[in-house]
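Colleague: Mind if I throw a few questions at you while we look at this one together?

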Amino acid sequence: MLILLGINNEMSGPWSSCFLGVYNDSLPHWVVDCGCYAVTLRCQGSLPISTKERLREISDTLRQIDPASDEAKASHRRHFAILEQALDRAEGFCPFTDRDGARAMMEFLDLYDSEGLSFDHWIIMPNHLHLVTAPLRCSSINDFRTAWSRFKSRSARAVNRAIGREGQFWQSSWYDRWIRGPEEHQKWLTYLMENPVKAGLCRRAEDYPYRM
């Protein structure tokens, strides 16, 4: 479902980008040209059924309300909090506990620049990625969806090859947040830095090897 909102379409940088619309899969995705995004991609089979059911209930609510409303913002935050807590337990399919898998993902992210999509910051967790994009250039919602679809497909092939595996790698949808300004951008960078410590993977953020 595509939703168009009355938002200023003048573009002068990543914090005042050209708004293209909102579409829904399991979550609403705001699409802007030249916007920076905070994105969480999780591996297939990384969540227990009970957590998926809770997330599905929130997703159903989000489909029925204005994506710019306070209720939608609160639901989006609740969705991310539940997702974060479950993923940090590192259950299910965790390909990045394999050193070859983590290194393959690092090399892939370092070099990736395609369909307007590249990354300024990222952190690789056991069963998910947190990414902060460079300004993402796209002229339509389809461009946005294509860029992420191709990234997921290409990265899945690269990591599967590195760990000697075949089959579906990523969950079909993902969490993304269009970053509205420099203060929010810095909050996301701090979150990425601190996430491995919070998840109990290291004692100091600077000791964690799989980040940029």
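Colleague: How much of the chain counts as buried?

Modeller: Keep in mind that this is a predicted model. A residue goes in the buried pile when its relative accessible area is under 20%. Out of the 212 residues in the chain, the share that lands there is 51%.

Colleague: Okay, and is Ser-75 buried or exposed?

Modeller: Ser-75 sits in helix H2, which covers residues 70-87. The cut-off for buried is under 20%. Ser-75 has a relative accessibility of 3%, so this residue counts as buried.

Colleague: Which residues does Ser-75 touch, leaving aside its neighbours within four places in sequence?

Modeller: Touching here means heavy atoms within 4.5 Å. With those sequence neighbours set aside, Ser-75 is in contact with Ile-58, Thr-61 and Leu-62.

Colleague: What pattern do the helices and strands follow along the sequence?

Modeller: There's a fair bit to read off, with five helices and eight strands in the chain. Going along the sequence, the order is β-β-β-β-α-α-α-β-β-β-α-β-α.

Colleague: What radius of gyration does the chain have?

Modeller: Start with the spans: the C-alpha trace runs about 45 × 35 × 35 Å along its principal axes. A compact globule with 212 residues would come out near 17 Å, and the chain agrees with that, because its own value is 17 Å.

Colleague: Last one: how far apart are the centres of the positive and negative side chains?

Modeller: Count the charges first: the chain has 26 positive side chains and 27 negative ones. Take the centre of each set, and the distance separating the two is 3 Å.

Definitions and conventions
Residues numbered from 1 in each chain as written. Predicted model: local features only at pLDDT ≥ 70, side-chain atom pairs only at ≥ 80, totals over all residues. Heavy atoms only, no water. Helix = DSSP H or I, 4+ residues; strand = E, 2+ residues; numbered from the N terminus. Buried < 20%, exposed > 50% of the residue type's maximum accessible area, 1.4 Å probe, protein only. Rg over C-alpha atoms; globule rule 2.2 N^0.38 Å. Lys, Arg positive; Asp, Glu negative; His and termini not counted. Charge placed at Lys NZ, Arg CZ, Asp CG, Glu CD.
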